Amino acid sequence: MKPSSGKVHRRLHLLPYLLALPIILYEGIFIVSPILQGIYGSFTRIDLGSGKPQIWVGLANYARMFADDLFWQALKNTLTISAMVIIVALVAALATALLFNRPFRFRAGARALMMIPWAFPEVPVVMIFIWILSPQFGVANVVARLIPGVTQNPMWLQDSNLAIGSVVLISAWKAFPFYSLVILAALQSVSQELYDAAKVDGANVFQLFRNITLPGILPTIEVLLVLAVIFSFKGFALIFLLTGGGPNYATETVILRIYNAAFRFYDYSYAAAMGVAGFVISLVIAIGFIIMQARRARELA
Amino acid sequence: MTTATTGAPYRPPRLRQAIRKTLLYVAIIFVTAITIFPIYWMIVSTIQPNKYSLSFPPPFFPQEISFTQFGLLFAQRPIANWLKNSFVIASISMLLVTALSVLGAYALSSLRWRGRSLFGLFLLVTQMLPEILVLVPLYILYNQLEQLNSLPALAVVDAAFALPVCIWILKGVFDAVPPEVLDAALVDGCSEFSTVWRIVLPLSLPGLVAVAVVAFFGGWNEFLYASILVGSTELMPASVGLTTLSGLSGVLVEQYMGAGMIFSILPVAFYLSMQRYIIAGLSAGAVKG
């Protein structure tokens, strides 16, 4: 039997659905169905400890959420912390990518070293930084004491502003190598001929960057920006283990707020309602990402 | 000096290049040093006796090196058991994800069907959802089914979150297999299954390894689910176990840092060697365009 390749595909037209089915079922059981249950649970009262039945309470959890100052504070924290992390990480990524795009000796080795923070698991990262920021013995104090006027070791994770700063810098440190590598790949795809032509025309370094490099990598940076928003909105372990959301809720993001409501105060239905809010937010960002990718695909086609 | 019309001192091009080159190297060394300093500090704090770590200011270079802390760590703390639990979780997740992602990646890459882009969209969205959204309902469900404190029950959730990324990674690798090769095999009478088994998979071996790495270390590193869905100290994986070390009395800084190092060596080595594939999958299209 030697069917033409078209015939083969017609014979197998069920195959893709058979292949996709187990995956859709798997993600359905472990991701979609829990989320649907969470949406249902947000309209009820769940009491696991006493074994009382789940009762329908309508919008009560949502009414509570909208009146909850800590929820709004968490939203504000998420916005400010994410914005700072994204700015610091993307600027560092762009700077290092431009630097590492130049030819130099041991480039491959230096690049591998730069990728280590990205490859490091979150839990040991937190262990390192808690040690580095230890008010008593932390090596960060040595650096801080170089600043004139600083005579005491700062309370890095116990003071609100310092805690926010520490969380931002540590998150950016962990995130920027990934963005840097992606920008580097984009830099290397910018046509060398454009640079050569511009140099012949007498363009200086800044003109080259502004008129050739930047337009060449802007689509990549756009996509990275949305990815960075997603990653930092999702982030949990790093902040949770560094500060737990404290001091005084200063670093409590929406994700930590949900966690604390559910697993510190056993307030499952309220956590479910805030989870629905988190779901809506991440859905909006995800749709933004998809629209952006689709637009890019159209431009390339 | 005839060229000094701009006011800048004249420098021969070669000297200028040397200065530029030096500046470049200084900048690169500076940036790299800052980036890896925390890791360096972890290593220093592990290998030097703690009288140096517990002095202020601490010395920047190790004054003395000792390795007794590793022995004490394994003798005094259940770290071997924690690592074993992590290994079990990671292996289950790896097997599930590798098998399932071959199916998904083949459907996305090599076959044309209605619903293909919808399927891709579904994966993209699940990949972007925060893990916590699933945790609360899942905790209630596991509580009812009495599946709390079960390593396989934890591993299947880790797998669900690793699966979409892994499908994207493998799809990218399958895309690189020339379609003529597939058509030739099919025309020669190979079944679809044996085409995949004998041609696509061997050609995609690095991609398969990358997928296995992501799934394995996704389970190995995972903290949130492990901390909630497994409560017993017997079944605690290392990611959770390590966080309990700081609260224990008598855990010395070189043991604490050493435990972190032992936990990190494998993921760092494997992620770095597979980074090209992993990053392409994580950014799902941003890299290749």
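**Where the two domains of chain B meet**

**View 1. The buried surface between the domains.** In this predicted model, about 640 Å² is buried between domain 1 of chain B and domain 2 of chain B, and 76% of that area lies on carbon and sulfur atoms. On the domain 1 side, look for B:Met42, B:Thr46 and B:Asn50, the residues that lose the most area to domain 2 of chain B; together they make up 69% of what that side buries.

**View 2. The two domains and their contact.** Domain 1 of chain B covers residues 11-66, and domain 2 covers residues 77-282. Taken over C-alpha atoms, their centres are 35 Å apart. How many residues of each domain are in contact with the other? Eight residues of domain 1 of chain B touch seven residues of domain 2 of chain B.

**View 3. Polar and charged pairing across the interface.** Here you can search for pairs that bridge the two domains of chain B. One residue pair is in polar contact between domain 1 and domain 2, with both residues at pLDDT 80 or more. Salt bridges across this interface number zero.

**View 4. Helices on the domain 1 side.** Which helices of chain B each bring at least two residues to the side of domain 1 that touches domain 2? They are α1 (13-47) and α2 (50-53). The largest share of that side, four residues, belongs to α1(B). By residue class, the side of domain 1 of chain B that touches domain 2 has three nonpolar residues, five polar residues and no charged ones.

Note on methods:
Residues are numbered from 1 along each chain as its sequence is written. Chains are lettered from A and ligands numbered from 1 in the order in which they are written. This is a predicted model: local features need pLDDT of at least 70, side-chain atom pairs count only at pLDDT 80 or more; totals for chains, interfaces and linings use all residues. Side-chain values use heavy atoms; hydrogens and water are left out. Domain bounds come from an automatic or database domain assignment. Contact means heavy atoms within 4.5 Å. Buried area is the accessible area (1.4 Å probe) that two parts lose on being put together, summed over both. A salt bridge is a side-chain nitrogen of Lys or Arg within 4 Å of a carboxyl oxygen of Asp or Glu. A polar contact is a pair of N or O atoms within 3.5 Å; within protein, one must be able to donate a hydrogen and the other to accept it, and residues adjacent in sequence count only if both atoms are side-chain atoms. Ala, Val, Leu, Ile, Met, Phe, Trp, Tyr, Cys and Pro count as nonpolar, Asp, Glu, Lys and Arg as charged, and the others, Gly among them, as polar.
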